[in-house]
Amino acid sequence: MARILITSALPYINGIKHLGNLVGSQLPSDAYARYMRQRGHEVLLICATDEHGTPAELAAAKAGKPVAEFCADMWQVQKDIADGFRLSFDHFGRSSSERNHRLTQHFAERLAGAGLIDEVHEKQVFSHTDGRFLPDRYIEGTCPNCGYDKARGDQCENCTKQLDPTDLIEPRSAISGSTDLEVRETKHLYIRQSAMRQHLDEWIDKQSDWPILTTSIAKKWLHDGDGLQDRSITRDLDWGIAVKKGDKDWPGMDGKVFYVWFDAPIEYIAATAEWADANDLDEAAWHRWWRTDEGADDVRYVQFMAKDNIPFHTLSFPATLMGSGEPWKMVNYIKGFNWLLYEGGKFSTSQGRGVFMNEALEILPSDYWRWWLLSNAPESSDADFTWENFQGGVNKDLADVLGNFVSRVTKFCRSKFGETVPEGGQYGEAEAALTAEIQTRLIAYEKAMEDIEIRKATAELRAIWVAGNEYLQHAEPWAKFKTDPDAAASVIRMALNLIRLYAVISRPFIPDASDQMLAAINLSGTESWPDSVKAALTALPAGHAFTTPDVLFAKIADEAREELEARFAGS
RNA sequence: GGGCCCAUAGCUCAACUGGUUAGAGCAGUCCGCUCAUAACGGAUUGGUUGGGGGUUCAAGUCCCUCUGGGCCUACCA
């Protein structure tokens with residue numbers, strides 16, 4: 001038995017996430033965690049909301065709520081939706097937690113003690129009307145290069161030229177539109193990533209099994225231009241973690257907070273501490289997941305995230321952990337995802353384009369989404385959600401192949417033998433061949449899950465479902481029943497055992513359907529993973545009672561699909 | 001401007017460090033079955049692997065170039 005620590009990238013607090021966000025980290029992390037738990041490993045799956053930063057403050061203002069209240073409410077909303085998708089987080093924390101405040105301040109103290117923090121005076125744009133400093137991209141104006149009048153302070157979207165806010169002609173606040181701006185001097189802390197470049201480079205070089213997507217992004221940052229740059233880790237904001245050295249004040253840094261990207265990854269650790277607190281466990285209980293000197297040495301730590309998050313997880317966060325000089329657990333494997341597109345374009349919150357998590361659950365049960373999103377996960381390149389593909393995939397895989405299998409077997413049995421596993425006859429060559437095929441495919445499925453190759457895993461799982469239909473077709477229990485009822489009985493006994501097997505091994509992807517299948521055959525969700533397919537296919541003995549279930553997966557009709565296409569086309 | 005990634009059947013994707021006639025699923029066509037959610041099974045059509053050039057006994061796989069997408073470029077997160 002191994003111990004596996006899994007973290008999903010933290011969803012930002014400013015609104016409800018769309019399907020792309022879901023499939024980019026939370027959903028695959030859940031399937032992986034569920035699989036590893038079923039295999040008997042000790043798993044800790046951690047996620048949390050990422051609550052600090054300018055967008056959170058603006059979203060709160062727009063909602064007319066104090067930031068703390070807005071974040072608390074939105075956390076609950078996200079938590080409920082995560083539950084709706086059956087995301088099996090051991091803890092869903094908050095980056096604004098007391099634990100994270102203390103840990104973040106602790107790391108800052110350690111880094112300062114190691115000489116890895118610089119205090120830098122710099123000039124930033126302050127908006128009197130908004131009463132806040134503005135991040136570069138919250139300043140708009142006319143591009144000095146091409147004359148585009150909605151250029152942002154960091155870059156002109158029209159001519160792609162990189163800009164400094166002071167380059168803009170007639171700069172204004174992107175928040176209020178105010179031109180009452182002033183360049184003010186302010187002081188911020190920088191983490192000296194440049195001083196850790198060598199260490200980070202060597203550490204990245206050791207990760208030979210990481211995907212190109214992951215290492216190439218890290219290498220780019222490490223070697224491009226002058227190499228890895230120092231990075232500001234504080235901001236002039238109200239909402240956030242106060243800049244302190246441990247529990248001591250930081251002279252000259254009153255009223256400032258840590259930058260969201262400094263404190264967010266630390267929340268992975270803090271959320272584990274929150275988990276221990278929530279379960280009345282002691283400090284050692286979470287240290288054994290994170291401190292290599294207290295038992296975490298044999299933990300395998302896997303992170304799930306979309307590609308935009310990779311620099312922070314390959315460089316910034318490791319720099320924080322290394323720089324502390326303390327024995328914190330470093331990530332063993334980073335699973336990065338590309339983007340999910342919606343009907344060929346980007347999901348857009350502002351234009352209402354695409355499907356958001358809350359809407360998805362109103363339309364169909366979570367298993368439909370889980371299956372389609374995971375079997376089409378953007379692993380090797382961007383993937384495209386279209387209602388046509390969704391309808392086709394769900395109808396074929398879930399309704400026709402799996403759902404119909406359960407239906408045809410249970411209904412046939414009920415009408416010919418009654419609602420118990422029939423006795424008579426015995427397994428022969430056909431059953432041996434089926435068992436062998438499933439055993440081979442199961443091994444491939446397990447390998448894909450170990451390697452976190454999600455699409456490959458779903459393809460193998462589907463092939464195992466198909467094998468059941470193939471078997472039935474060739475065994476023809478409906479024909480055998482007329483001449484040799486015992487032979488038909490053994491086929492159906494096998495088929496009912498297949499339902500049980502399917503319920504167990506499909507659980508990481510479609511947990512609700514798994515429960516329904518198990519309930520139908522009077523079992524619970526605690527059925528163990530099949531070590532031997534042969535043994536697993538005799539687990540249900542003759543005489544075991546079952547209940548013919550309702551339709552597992554209803555098909556999505558063409559009219560319904562067209563309606564959904566129109567509804568989510570956006571403005 | 002610089003860097004990285006991608007381009008394979010109508011659609012969605014495979015193909016270990018270059019190695020037999022480039023494979024699946026879906027859609028299409030034909031046949032079979034009738035237990036089942038008009039479901040299932042079998043067979044089959046379909047690709048000069050974006051264009052061009054090169055290296056090699058051998059290239060989807062390596063190199064160059066062109067075209068078309070995407071991402072990153074450090075103060076959104």
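This passage describes the internal cavities of a predicted model and the residues that line them.

In the predicted model, four cavities of 30 Å³ or more were counted, and the largest of these has a volume of about 80 Å³. Its lining is made up of Ile191, Gln193, Arg231, Ser232, Ile233, Tyr259, Trp261, Phe262, Ser316, Phe317 and Thr320. Two or more of the lining residues come from each of strand S10 (231–232), helix H7 (260–278) and helix H9 (310–323), and of the contributing elements H9 gives the most, with three residues. When the lining of the largest cavity is divided by residue character, six residues are nonpolar, four are polar and one is charged; the charged residue is Arg231, whereas Gln193, Ser232, Ser316 and Thr320 make up the polar part, and the nonpolar part includes the aromatic residues Tyr259, Trp261, Phe262 and Phe317.

The second largest cavity holds about 70 Å³ of space, and the residues that line this second cavity are Pro11, Ile16, Lys17, Gln26, Gln78, Ile81, Ala82 and Met357. Helix H3, which spans residues 67–84, gives the most to this lining, with three residues. By residue character, the lining of the second largest cavity comprises five nonpolar residues, two polar residues and one charged residue; here the charged residue is Lys17, the polar residues are Gln26 and Gln78, and the nonpolar residues are Pro11, Ile16, Ile81, Ala82 and Met357.

Definitions and conventions: Residues are numbered from 1 along each chain as its sequence is written. Chains are lettered from A and ligands numbered from 1 in the order in which they are written. This is a predicted model: local features need pLDDT of at least 70, side-chain atom pairs count only at pLDDT 80 or more; totals for chains, interfaces and linings use all residues. Side-chain values use heavy atoms; hydrogens and water are left out. On a 1 Å grid over the protein atoms alone, a cavity is a set of points where a 1.4 Å probe fits but cannot get out, and a pocket is an open set with protein on both sides within 12 Å along at least five of seven lines; lining residues have an atom within 4 Å of a point. Grid points are joined across faces, edges and corners, and a volume is the space filled by probe spheres set on the points. Helices (H or I, at least four residues) and strands (E, at least two) are DSSP runs, numbered from the N terminus.
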